[in-house]
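Let's take a stroll through a protein model and see how some of its helices lie against one another. Keep the picture open while you read.

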Amino acid sequence: MATDRPLVLPGETIDPSLIPSHPKHPLRLGPGLRHIPPSDIVPTVAGQLITNPVKNSMWVEYNSQRYIPSVGDIVLAQILRSTTDFYLCTLSQHTAPATLPHLAFESATKKTRPNLAPGQLVYARVTLANKHMDPEVECVSAATGKAEGLGPITGPGCAFDVSLGFARRLLMARSAEDGGVGVLEMLGGEEGGGLAESARTVVVVGRALQETDRAGLGMEGQRRLVKKLVREMR
Amino acid sequence: MPREAEPSLNEKQFVTQALQENLRLDGREFDQYRPVELTFGDQHGVADVTLGKTRVLAKASAEVTVPYADRPLDGVFTIATELSPMASPAFEVNRPTETEVLLSRLLEKTVRRSGALDTESLCLVAGQKCWSVRVDVHVLSHDGNLIDASCLAVVAALRHFRKPDTSMEGGVLTVYTPAEREPVPLSWLHSPFCVTWSFFGEEADIALLDATWMEEQVRVGSCTVSLNKHGEICQIAKLGGTPVDAVVLLQCTSVALAKVKEFSELLDKRLAEDLKRRDKGGFMAELRAENDR
């Protein structure tokens, strides 16, 4: 693990053997790396250097406090207020609001657009994230015109705050193997013992996630935590 | 000025609904506090209270000043609270929010007006010289229930504090350094603690202890009871909100007494531990020059 994910510090020179080389694709730099012409690649943050030789890309994985929107991110936004053409919503607390056009919902026209109250949560995708500009989000895929699971979230529910790094680990396609987060699978599987859909379950899931994030639990620790939470719930 | 971030509608509904099902977001009982941590600094009079994610630091200090003209026999005792932007971006320096004003008023009523500190003992020369004791409360992290945490921190800091020893000889006042004479503790009469209840539901029939920030945003009313371990109530503050049944309030006060006894025990225990830590084994051991090589 330690060898294929080396720790880098800002300004450090990266060992050339770590930089992937691919005959066809150009090298793609992700967050936390900066290209200084002609040929230097310098990390700008401290974190784990991750490389993908297939896609010929590399980036630094780190756990920051502030969410910086980037295009394509799926986010949970909270409506602040409505203006003539768009809703203003917050992606993270105490940052500049993002805009959500009234017509950026599935089959929305001027007459059928959804009416959202301030405080309502919407599940949205970031479409515009430029520096020094307010970000823009949408609840419909521009290509297909379908919601694809995005849209306003109705009914009582809870959003649990976790760190950004943890959220990214959860989003990994194989989060248990690559990210080391298996609480959700455990709760859904045998250890969970068939949780019913209730407020109690939501609380247990939220606590499991937050505790795993806070204490940085490994797989064994997560298994113990899930057992403890399920026992408490009964 | 940045506004306080609000939880979303969905979350508000969820918290209320879960409370109807006897469920809190962090899985606690309704009358259960988050784990309370109390540590003292290296200096005398520094107390650090952690209540879940809420963290409050209180520092007591003393200086010699002139007493107020209308109270020549009393010392000066002030509590200064500061909610810095570190705790939440909604707080600004030099612009007190309602939370801050309420917090300082409640601390003032609980600790100062209840006569916990004997201010007459702070007088050095009547009408000319007295001690001015000041406690600074710094909120380092805000996750609800600032009042209880701050009150515990203030009382702990004052009980831990030592002021320099003084003597009067022939009209000359001498203040001794810690090297000359051991500093002396304040003349402390009783230890009041705050216990804050938050009320939920249409008729405020659900009462919660130690509400988190999220619960504080959803509650319909709150009530702070200050009392000491003997059950002597210093103040009850129920500032607005939905009216609460008298029977519920009575139950709240009796539970509050049990909690205050726990706080009191915790503080006594931590003070004793700190004393033991500082005790190097008597005067001779303290003067010893050799090191433990």
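## Helices that pack

In this predicted model, helix α4 (residues 199–215) of chain A and helix α5 (residues 219–233) of chain A have axes that come within 10 Å and cross at roughly 150°. α4(A) and α5(A) are therefore roughly antiparallel to each other, a label for angles over 145 degrees. Axes here are lines fitted to C-alpha atoms, for helices over the stretch in contact, and angles run from 0 to 180 degrees between N-to-C directions. The crossing of α4(A) and α5(A) is right-handed, the term for a near helix turned clockwise from the far one by less than a right angle.

Who does the touching? On the α4(A) side, R200(A), V204(A), R207(A), A208(A), E211(A) and T212(A) make the contact, and on the α5(A) side Q222(A), L225(A), L229(A), E232(A) and M233(A) do (contact means heavy atoms within 4.5 Å). Sorted by type, the residues of this contact are five nonpolar, two polar and four charged. For that sorting, Ala, Val, Leu, Ile, Met, Phe, Trp, Tyr, Cys and Pro count as nonpolar, Asp, Glu, Lys and Arg as charged, and the others, Gly among them, as polar.

As for α4(A) itself, its 17 residues reach 24 Å from first C-alpha to last, close to the 24 Å expected at 1.5 Å a residue (the expected span is 1.5 Å times one less than the number of residues). Buried residues of α4(A) include V204(A), A208(A) and T212(A), where buried means under 20% relative accessible area with a 1.4 Å probe, counting protein chains only. What covers the buried residues of α4(A) includes α5 of chain A and α1 (9–20) of chain B. Just after α4(A), G216(A) takes a positive phi of about 60°.

## Over in chain B

Now for helix α3 (residues 146–160) of chain B, which has 15 residues and reaches 21 Å from its first C-alpha to its last. It's mostly covered, with 14 of its 15 residues buried. What does α3(B) pack against? Helix α5 (residues 246–278) of chain B is one partner, at an angle of about 35° and with the axes 11 Å apart. Among the residues in that contact are L152(B) and R159(B) of α3(B), along with F263(B) and D268(B) of α5(B).

The axes of helix α2 (residues 98–112) of chain B and α3(B) come within 10 Å and cross at roughly 45°. α2(B) and α3(B) are therefore oblique to each other; angles count as oblique when they are not under 35, over 145 or from 65 to 115 degrees. Here L103(B) and L106(B) are among the α2(B) residues that meet α3(B), whose side includes I147(B) and C151(B).

Here's how the two contacts of α3(B) are made up.

| Contact | Nonpolar residues | Polar residues | Charged residues |
|---|---|---|---|
| α3(B) with α5(B) | six | one | four |
| α2(B) with α3(B) | ten | two | no charged |

## Stepping back

Chain A has five helices and twelve strands, and its C-alpha trace spans about 55 × 50 × 35 Å along its principal axes. Of its 234 residues, 35% count as buried.

A little small print: residues are numbered from 1 along each chain as its sequence is written, and chains are lettered from A in the order in which they are written. Local features need pLDDT of at least 70 and side-chain atom pairs count only at pLDDT 80 or more, while side-chain values use heavy atoms, with hydrogens and water left out.

Conventions. Helix = DSSP H or I, 4+ residues; strand = E, 2+ residues; numbered from the N terminus. Buried < 20%, exposed > 50% of the residue type's maximum accessible area, 1.4 Å probe, protein only.
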